[in-house]
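Notebook open, model loaded. I want to go from the overall dimensions down to single residues and jot down what I look up on the way.

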Amino acid sequence: MKLAIIIFITLSIMGAASWILPTKRERRLGELRMNARQLKLTVQLTSIGLPDKWDKSKDVQKFYAYCLFRDKPLDLIEEELWLISYEVWKYLPVVSSWWMSKELNLTDQDKQDLLTLSGVATAIKINKDGVSVYWDEEKGDEDTVKLISRLAHSLAKPSLI
């Protein structure tokens with residue numbers, strides 16, 4: 001009887017401890033975020049208001065923002081510049097599935113990176129403080145994080161504006 005009680009208590013403790021451990025998805029996301037930090041990106045859960053197709057209303061959604069902050073604010077940028085992965089009537093087309101709020105001097109590599117991020121990232125914001133890539137549900141792997149880092153570093157250059 002003592003043995004049954006000891007086994008029962010041991011299994012109860014082990015079962016309770018298994019609830020504390022992160023799931024496979026949480027471990028994968030933790031690894032992605034650590035990889036992002038090594039690439040000098042900051043990860044935030046944030047709410048942003050994105051315009052609808054007619055730019056009449058702002059649809060507020062929560063996204064994971066992978067941000068590259070500048071050391072000093074870039075005063076050349078007076079207003080936020082947006083790259084959005086769906087059509088907004090007054091935005092300019094960039095590549096097949098991306099539109100921009102204002103003309104930017106994107107390189108061919110930037111355009112190729114945007115094509116690769118189609119269906120993964122929803123929006124990119126460029127402001128005087130840095131570049132934020134809004135990644136929906138963090139679909140992807142380490143290569144996606146490297147791609148986001150490369151694109152963010154490229155978009156953060158002052159020569160782009």
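**Surface and overall dimensions**

I started with the surface: the protein exposes about 10,200 Å², and carbon and sulfur atoms supply 57% of that area. Accessible areas here are Shrake-Rupley values with a 1.4 Å probe, and for residues only the protein chains shown count as cover. Note to self: this is a predicted model, where local features need pLDDT of at least 70, side-chain atom pairs count only at pLDDT 80 or more, and totals for chains, interfaces and linings use all residues. Residues are numbered from 1 along each chain as its sequence is written, and side-chain values use heavy atoms, with hydrogens and water left out.

Next I looked up burial, and 37% of the 161 residues count as buried. The cut-offs are under 20% relative accessible area for buried, over 50% for exposed, and partly exposed in between (1.4 Å probe, protein chains only).

For secondary structure I get four helices and seven strands. These are DSSP runs numbered from the N terminus, with helices being H or I of at least four residues and strands being E of at least two. Read from the N terminus, the order is α-α-β-β-β-β-β-α-β-β-α. The radius of gyration is 21 Å, well over the 15 Å the globule rule gives for 161 residues, so the protein is more spread out than a compact globule. That radius is taken over C-alpha atoms, and the rule is 2.2 Å times the number of residues to the power 0.38. Along the principal axes, the C-alpha atoms fill a box of roughly 80 × 35 × 25 Å.

I also checked contacts, meaning heavy atoms within 4.5 Å. Among those with a separation of 6 or more, 58% are between residues 24 or more positions apart.

**Helix 4**

Helix 4 covers residues 142–155, which is 14 residues. From first C-alpha to last it reaches 20 Å, close to the 20 Å expected at 1.5 Å a residue; the expected span is 1.5 Å times one less than the number of residues.

What caps its N-terminal end? Asp141 does, with a side-chain oxygen 3.2 Å from the backbone nitrogen of Asp143. A polar contact is a pair of N or O atoms within 3.5 Å; within protein, one must be able to donate a hydrogen and the other to accept it, and residues adjacent in sequence count only if both atoms are side-chain atoms.

I listed the buried residues of helix 4, among them Val145, Leu147, Ile148, Leu151 and Leu155. Their cover includes helix 2 (24–38), helix 3 (108–117), strand 6 (121–127) and strand 7 (130–135).

Ser149 sits in helix 4 too and counts as buried because its relative accessibility is 7%. Beyond its neighbours within four places in sequence, Ser149 is in contact with Leu39 and Leu41.

From the other side, I picked Asn35 in helix 2. Asn35 is buried at a relative accessible area of 9%, and it touches Glu142 and Val145, not counting residues up to four places away in sequence.

**Cores**

A nonpolar core here is a set of buried Ala, Val, Leu, Ile, Met, Phe, Trp, Tyr and Cys residues joined through side-chain atoms within 4.5 Å. The largest one has 32 residues, and Trp98 and Ile124 touch the most other members. Helix 4 gives this core its largest share, six residues. Apart from it lies another core of twelve residues, including Leu50, Phe63, Cys67 and Val88.

I pulled the partners of Ile124, leaving aside neighbours within four places in sequence: they include Trp82, Trp98, Leu114, Tyr134, Leu151 and Leu155.

**Loops**

Two stops in the loop between strand 2 and strand 3. Asp75 lies there and counts as exposed at 66% relative accessibility. Its C-alpha is 9.4 Å from that of Asn127, 52 residues apart in sequence. Glu79 is in that loop as well, exposed at 54%.

Last, the phi check. Most residues other than glycine have a negative phi. Glu137 has a positive phi of about 60 degrees, and phi of Glu138 is near 50 degrees. Glu137 is in the loop between strand 7 and helix 4, and so is Glu138. Buried or partly exposed, for Glu137? Partly exposed, at 48% relative accessibility. Glu138 is buried, with a relative accessible area of 0%.
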